[in-house]
Amino acid sequence: MKILVVSDSHGDRKIIQQLVDRYDGQVDGIFHCGDSELSLDDPLIAKMHIVQGNMDFAEFPDHELEKIDHKTILVTHGHHQNVNGGLLNLELYARSLSANIVLFGHTHQLGVTFDDNILFVNPGSISQPRGEYAPLGGTYAMVSSNDQQYTIQYYNREFQPIDNLKFSFTS
């Protein structure tokens, strides 16, 4: 399995179009974790799994569950699970839905952790990053998995992998 994860583009349609143009057909899915600020009639929506963020005015689903290669992927923005205060509520929500992988945004800060057999991935904001990695100017993540391992590689807006932001976890 190989998926692209992006979040918090906040109306920057151009970068989303570039990601779709570059990766459509090359990955098993393109996941947008909310705050896209795209309209419901935008043709890009058909190319992505997309959820509602706190700044979206279109009525996207609050969360989405997708199965790829025997993995259950939960996509949510994270604001309803109060991710700014930690991941406990998100973890409980993921467990209630039997998710193996959780993709979320909202904080505008990239992060990845593997806790008790659940992979949590925040790709950071592609357009308005915050925190330690804000100087990168925006990030997205590529998540790959096989039966033994998850690999998460972060990329910048120029589609270049960020050397010190590659992580592997044994599943």
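The following exercises, each with a worked solution, concern the sheet, the salt bridges and the aromatic pairs of this structure.

The model is predicted: local features need pLDDT of at least 70 and side-chain atom pairs count only at pLDDT 80 or more, while totals for chains, interfaces and linings use all residues. Residues are numbered from 1 along each chain as its sequence is written, and side-chain values use heavy atoms, with hydrogens and water left out.

**Exercise 1. The sheet**

Task: State the order of the strands in the open sheet, and identify the strands that stand at its edges.

Solution:

Step 1. Apply the terms. Helices (H or I, at least four residues) and strands (E, at least two) are DSSP runs numbered from the N terminus; two strands pair if DSSP finds at least two bridges between them.

Step 2. Read the order. The open sheet consists of six strands, arranged β3-β2-β1-β9-β10-β11, with mixed pairing.

Step 3. Find the edges. β3 (49–50) and β11 (161–170) each have a single partner strand, so one side of each is left without a neighbour in the sheet.

Step 4. Examine one edge. β11 pairs with β10 (residues 149–156) in the antiparallel sense over six bridges; Ile 152 has Phe 167 of β11 as its bridge partner.

Step 5. Add the helix. Helix α1 (residues 13–23) packs on the sheet and touches β1 (2–6), β2 (29–32), β9 (139–145) and β10, where contact means heavy atoms within 4.5 Å. The direction of α1 makes about 175° with that of β1; axes are lines fitted to C-alpha atoms, for helices over the stretch in contact, and angles run from 0 to 180 degrees between N-to-C directions.

**Exercise 2. The salt bridges**

Task: Determine how many salt bridges there are, and locate the partners of Asp 42, Asp 24 and Asp 116.

Solution:

Step 1. Count. A salt bridge requires a side-chain nitrogen of Lys or Arg within 4 Å of a carboxyl oxygen of Asp or Glu; the count comes to five.

Step 2. Take Asp 42. Its side chain meets that of Arg 13 at 2.7 Å, N to O. Asp 42 lies in the loop between β2 and β3 and Arg 13 in helix α1, so the pair ties together parts that are 29 residues apart in sequence. Buried means under 20% relative accessible area, exposed over 50% and partly exposed in between (1.4 Å probe, protein chains only). Asp 42, at 11%, is therefore buried, whereas Arg 13, at 31%, is partly exposed.

Step 3. Take Asp 24. The salt bridge of Asp 24 with Lys 47 is 3.0 Å, N to O. Asp 24 is in the loop between α1 and β2 and Lys 47 in the loop between β2 and β3, 23 residues apart.

Step 4. Take Asp 116. Its closest N and O atoms with Arg 95 are 3.1 Å apart. Asp 116 is exposed at 54%, and Arg 95 is partly exposed at 35%. A network of salt bridges links Glu 91, Arg 95 and Asp 116.

**Exercise 3. The aromatic pairs**

Task: Classify the pair formed by Tyr 23 and Tyr 140.

Solution:

Step 1. Set the criteria. Rings of Phe, Tyr and Trp (its six-membered ring) pair if their centres lie within 6.5 Å; planes under 30 degrees apart count as stacked, over 60 as edge-to-face and the rest as tilted. The count comes to six aromatic pairs.

Step 2. Apply them. The ring centres of Tyr 23 and Tyr 140 are 5.9 Å apart and the planes lie at 65°, so the pair is edge-to-face.

Step 3. Place the residues. Tyr 23 belongs to helix α1 and Tyr 140 to strand β9, 117 residues apart. Both Tyr 23 and Tyr 140 are buried. Together with Tyr 155 and Phe 159, Tyr 23 and Tyr 140 form one aromatic cluster.
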